[in-house]
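Here is a look at one protein model, from its helix to its charged pairs and a few single residues. Have the structure open as you read.

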Amino acid sequence: MDARGIHHLGVAVVDLDEAVDTYARLFGGVIEHRARVDAQGVEAASIRVGAGRVELLAPLGDDTPVGKFLAGRGPGMHHVAYEVDDIRAALSSLEAEGAELIDAQPRHGLFGLEVAFVHPDSVHGVLAEVVSRG
């Protein structure tokens with residue numbers, strides 16, 4: 001798989017408004033998108049910082065994936081997202097290379113992206129996300 005680059009870094013936060021303010025104040029971050037996705041149990045804000053992007057993720061409840069992450073690890077780095085041109089081909093390539101896929105098929109993600117996750121055990125302890133613009 002050839003990634004086009006890192007699309008964003010995902011950061012789990014307890015208070016989304018506070019985190020948005022922190023990234024704006026400390027790094028000049030500007031909100032690109034903000035959305036609530038009940039099906040994923042998350043409210044997220046995509047923050048542009050220069051040419052880069054940080055995705056801030058706040059759980060809608062303790063029993064959601066991000067809520068469980070926060071309970072176990074606290075706030076901080078959640079995932080790295082890699083942008084690809086063809087997400088289905090990327091998943092096929094990753095699987096052929098022995099990566100453990102959390103999502104065998106892409107699903108609708110935040111901000112109109114198609115997304116799929118790769119288990120952290122396959123990527124030296126870091127949850128990886130593969131994204132494409134669909």
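A quick definition before anything else: a residue is called buried when its relative accessible area is under 20%, exposed when that value is over 50%, and partly exposed in between. Keep in mind, too, that this is a predicted model.

Take Asp103 as a test case: its relative accessibility is 12%, so Asp103 counts as buried. Its salt-bridge partner is Arg107, with the closest N and O atoms 3.3 Å apart. Arg107 comes out at 33%, so that residue counts as partly exposed. Elsewhere, salt bridges with shared partners tie Arg4, Glu83, Asp85 and Arg133 into one network.

**Charged pairs**

Side chains of opposite charge can pair when their charged atoms come close. How many salt bridges does the structure hold? The count is 10, and three of them are set out here.

| Salt bridge | N to O distance |
|---|---|
| Glu43 and Arg34 | 3.1 Å |
| Asp38 and Arg36 | 2.8 Å |
| Arg107 and Asp103 | 3.3 Å |

How open to the outside are these partners? Asp38 has a relative accessible area of 56%, so Asp38 is exposed. Arg36 has 55% and is exposed as well. For the pair in the top row, Glu43 is partly exposed at 24%, and Arg34 is partly exposed at 36%.

Now back to the network and one of its members, Glu83, which sits in strand S5 (residues 76-83). Is Glu83 buried or exposed? Its relative accessibility is 12%, so Glu83 counts as buried. Leaving aside neighbours within four places in sequence, Glu83 is in contact with Ala3, Arg4, Gly5, His7, Val131 and Arg133. Arg4 and Arg133 in that contact list are also members of the network.

**The helix and its two faces**

Helix H1 covers residues 16-27, which makes 12 residues. From first C-alpha to last, H1 reaches 16 Å, close to the 16 Å expected at 1.5 Å a residue. Which residues of H1 are buried? They are Leu16, Ala19, Val20 and Tyr23. These buried residues cover an arc of only 100° around the axis, so they lie on the same side of H1. The spacing fits a general rule: an α-helix has 3.6 residues a turn, so residues three or four places apart point the same way. The face turned away from that buried side carries the exposed residues Glu18, Asp21 and Arg25. As for what covers the buried residues of H1, the list includes S1, strand S2 (30-37), strand S3 (42-49) and strand S4 (52-59).

**Two residues from strand S1**

Strand S1 runs over residues 5-12 and includes Leu9; Val11 lies in S1 too. Val11 has a relative accessible area of 12%, so Val11 is buried. Leaving aside neighbours within four places in sequence, Val11 is in contact with Tyr23, Val54, Glu55, Leu56, Leu57, Gly76 and His78. One name there, Tyr23, is among the buried residues of H1. For a sense of scale, Val11 and Glu100 are 89 residues apart in sequence and 22 Å apart in space, C-alpha to C-alpha.

Leu9 has a relative accessibility of 32%, so Leu9 counts as partly exposed. Together with Ile6 and Met77, Leu9 forms a nonpolar patch on the surface, with about 270 Å² of accessible area for the group.

Conventions
Residues are numbered from 1 along each chain as its sequence is written. This is a predicted model: local features need pLDDT of at least 70, side-chain atom pairs count only at pLDDT 80 or more; totals for chains, interfaces and linings use all residues. Side-chain values use heavy atoms; hydrogens and water are left out. Patches are made of residues with over 30% relative accessible area and no salt bridge: like charges are joined within 9 Å, nonpolar side chains (Val, Leu, Ile, Met, Phe, Trp, Tyr) within 5 Å. Accessible areas come from the Shrake-Rupley method with a 1.4 Å probe; for residues, only the protein chains shown count as cover. A salt bridge is a side-chain nitrogen of Lys or Arg within 4 Å of a carboxyl oxygen of Asp or Glu. Helices (H or I, at least four residues) and strands (E, at least two) are DSSP runs, numbered from the N terminus. Buried means under 20% relative accessible area, exposed over 50%, partly exposed in between (1.4 Å probe, protein chains only). The expected span of a helix is 1.5 Å times one less than its number of residues. The arc is that of the directions from the helix axis to the C-beta atoms. Contact means heavy atoms within 4.5 Å.
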